[in-house]
Amino acid sequence: MSLISDMVRNLAAIALLAGFLEIMLPSSSLRPFVRFAIGLFVVIAVLNPTLKFVNQTQDLAMEAWEVKYPEKQTEMAVHQGEALRNKMLKEASNQLKAKTEGQVAAIASLVPGVESLRAEVKLDDQGKISHLVLIVGSKPKQDKSETFQVDAFIASGRDREQKKGIEQKLIDLVKNLYGLEPEQVKVEFEGG
C-alpha cells in the first residue's frame, strides 16, 4: 500500500512541477526539452517503487567484492606494483633532472661573461628543485696552442668583482625562473 501512495505522491509532485514550468517558460524551442525531462521524471517515479517491490526478495549483493585471493599472491602483486612504481618514479626523476639541467645551462649561458656553464640539479622527493649548482667554466677548448692563451686570458680577465657580478646575475636568473631561494643556488667557477 505504501508503494502506491509513494508513487501517487511522486507523480503529483511531478505534475505540479510540470504545470509550474509550463506557465513560467516562454513558448520557445526550449519547451520540448523540458517536457522530455519531465517525462523522464515520470518514468523514474513509476519504475523506482515498482523495481523495489519486485526485487524485495532478491539479494543483489555484489559477490565480486567478496572474492578472496590467496594472501601470498596478493602480497606478491603488491610488491611487484611497488617495484614498478619506484622504477617509474626513478626514471621520471632522472629525465626531469636531465631536462632541468639542460634548460638551466642553456638559459644561464646567456648571461654576459659566461662562456660555458654546467648545471647540477638536486631534486626532492616531490620532484622540486632542492639545490642547484651552476659551474661556470671557460670556453671550450679548440686547439691546444690556443687553449693556453684563452685560459690564461680568462683566468686573468675575471677578477673578483666580475665573478661576483656574474654570480649575482646567475642567482637572480634562476631564482626568478624557478622560484628558488638564493641559498638554494650555488655558483662555482672552474679554475678558482
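**Exercise 1.** In this predicted model, find which residues Lys122 touches, not counting residues up to four places away in sequence, and decide whether Lys122 is buried or exposed.

*Solution.* Begin with the contacts: leaving aside residues up to four places away in sequence, Lys122 touches Lys128, Ile129, Ser130 and His131. Next, place the residue in its element, which is strand β1. Then take the relative accessibility of Lys122, which is 54%, and set it beside the cut-off, under which a residue counts as exposed when the value is over 50%. Lys122 therefore counts as exposed. As a last step, look towards Thr100, which is 22 residues away from Lys122 in sequence and lies 10.0 Å from Lys122 in space, C-alpha to C-alpha.

**Exercise 2.** Describe helix α3 by its span, its buried residues and what covers them.

*Solution.* Start with the span: α3 takes in residues 71-108, 38 residues in number, and reaches 54 Å from its first C-alpha to its last, which is close to the 56 Å expected at 1.5 Å a residue. Continue with burial, where Thr100, Glu101, Val104, Ala105 and Ala108 of this helix are buried. Finally, turn to the cover over these buried residues, which includes β1 (116-123), β2 (129-137) and α5 (160-178).

**Exercise 3.** State how many helices and strands the protein has, in what order the elements run, and what share of the residues is buried.

*Solution.* Count the elements to obtain five helices and three strands, and then read them from the N terminus on as α-α-α-β-β-α-α-β. For burial, consider the 192 residues of the protein, of which 19% count as buried.

Technical notes:
Residues numbered from 1 in each chain as written. Predicted model: local features only at pLDDT ≥ 70, side-chain atom pairs only at ≥ 80, totals over all residues. Heavy atoms only, no water. Helix = DSSP H or I, 4+ residues; strand = E, 2+ residues; numbered from the N terminus. Expected span 1.5 Å × (residues − 1). Buried < 20%, exposed > 50% of the residue type's maximum accessible area, 1.4 Å probe, protein only. Contact = heavy atoms within 4.5 Å.
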